[in-house]
Structures are given as structure tokens and as C-alpha cells.
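Q: I would like to learn how to read the strands and residue contacts here. Please take me through them step by step.

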Amino acid sequence: MELFPVQFLLSSLILISWSDYVGANSLRIQPFSFPSDSAIGKRVSVTCTPLTGEKMEFKWLRNGQELASGRNNINILSYPLLSSLVIDPLTAEDSGNYTCVVSTRGLTGSYTTKLDVLVPPTWVTTPSDTDASSGDSLVLHCKGAGRPEPLISWSVTLGTSRYFFFIQSI
Ligand SMILES: *[C@@H]1O[C@H](CO)[C@@H](O)[C@H](O)[C@H]1NC(C)=O
């Protein structure tokens with residue numbers, strides 16, 4: 001009867017010291033993300049802030065590849081306590097997974113976030129004027145590009161009407 005509280009105390013102590021040990025070997029980073037309206041041509045930035053540690057070294061990766069500051073549209077501003085990644089101007093090729101890797105005195109940590117660059121819709125294939133006789137089948141081609149993927153819909157004027165009606169696929 002007397003033993004139970006002592007055992008409980010002991011297992012709590014072991015749990016606490018184990019979680020301290022795990023925490024001491026990895027630097028936790030404050031979560032960060034790119035704006036959801038990151039569009040082509042804009043400037044975006046994210047800041048990597050470890051919750052502990054001093055005099056830290058920072059690295060930034062895109063899809064696992066280290067980024068170099070000053071190359072293309074990438075600028076990395078690192079300080080002892082935080083590091084900012086600036087992309088200016090955004091291009092479609094900048095979409096991907098961005099990782100901040102931080103290290104100091106044998107401790108390391110990383111945080112990864114995704115960047116989806118929005119690209120306005122553009123034409124790839126425009127339908128062209130076509131004559132057809134009644135009873136013929138007719139194929140018109142239409143294709144767009146962009147991110148997210150553009151939705152395509154067709155509409156038609158009937159007879160001499162100037163009003164367009166959407167065509168539903170069957
Ligand atoms: C980014 O990470 C996600 C989730 O881990 C993965 O599904 C995706 O393939 C990655 N994208 C690239 C371009 O590596």
C-alpha cells in the first residue's frame with residue numbers, strides 16, 4: 001500500500017528526464033508558412049525562429065537541395081537567433097517544399113513548409129473557327145495552363161441570339 005506512490009513518483013521522474021533528453025538533442029522551430037496567395041511576380045518571405053539556442057547556423061533547402069543566397073531570386077538573411085528567406089520575384093519554378101535547417105553546438109532542428117505559386121490561366125490551345133454541315137460531327141480543341149489547373153467550360157449562342165448558354169457535358 002505504501003509502495004504505490006513511490007513507484008508512481010519514480011516512473012514520472014524517468015518520463016520527465018527522458019523527454020528532457022529528447023528535447024535537448026533537437027532544436028524546435030516556430031512553425032511558419034508562405035502566404036496562401038503567393039502569386040507569380042510577387043515577393044514572399046518566411047522566417048525560421050528556433051525556440052531555444054544561440055549563435056545558430058542556418059541553411060535553407062528547396063526539395064532537399066541547398067539554396068544559395070544572391071542566386072536568381074533568392075535572398076537569405078541570417079542572424080544569430082533567426083533566418084529569413086526572401087523570394088523576389090516569385091516564378092512558377094519556385095513551387096516546392098522549403099526546409100529551414102538550424103544547428104548549434106551539435107544540436108540540430110528543421111522545419112519544412114510547402115510553397116504553391118499561383119499562376120494565372122493562359123491559353124495553350126484556342127478553339128478555331130470551323131464550318132460544319134448539319135449532321136456532321138465536329139471536334140473543337142481547347143486547353144489552358146495555370147496553377148491551380150484551370151477549369152474549362154463551353155458555352156454556345158443559339159440561332160441569332162446574342163446570349164451564351166453553358167453546355168453541360170453528358
Ligand atoms: C513535398 O512534400 C510532400 C509531402 O511530404 C510530398 O508529397 C511532395 O512530393 C513533395 N514535393 C516535392 C516537389 O518534393
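Q: Which residue in strand 5 does Ser45 stand opposite?

A: Strands are DSSP runs of E of at least two residues, numbered from the N terminus. Ser45 stands opposite Val86 in strand 5. This is a predicted model, where local features need pLDDT of at least 70, side-chain atom pairs count only at pLDDT 80 or more, and totals for chains, interfaces and linings use all residues. Residues are numbered from 1 along each chain as its sequence is written.

Q: In what sense do strand 1 and strand 5 pair?

A: Two strands pair if DSSP finds at least two bridges between them. Strand 5 covers residues 83–87, and its pairing with strand 1 is antiparallel, over five bridges.

Q: What is the order of the open sheet of three strands?

A: The order is 1-5-4, with antiparallel pairing. Strand 1 (44–48) and strand 4 (74–78) are the edge strands, each pairing on one side only.

Q: Is Lys59 buried or exposed?

A: A residue is buried if 20 or more other C-beta atoms, placed from the backbone, lie within 10 Å of its own, exposed if 12 or fewer, and partly exposed in between. Lys59, in strand 2 (residues 57–62), is partly exposed because it has 17 other C-beta atoms within 10 Å.

Q: Which residues does Lys59 touch, not counting those up to four places away in sequence?

A: Contact means that the C-beta atoms of two residues, placed from the backbone, lie within 7 Å. Lys59 touches Glu66 and Val101 on that count. The C-alpha atoms of Lys59 and Cys100 are separated by 5.9 Å, with the two residues 41 apart along the chain.

How values were computed: Helices (H or I, at least four residues) and strands (E, at least two) are DSSP runs, numbered from the N terminus.
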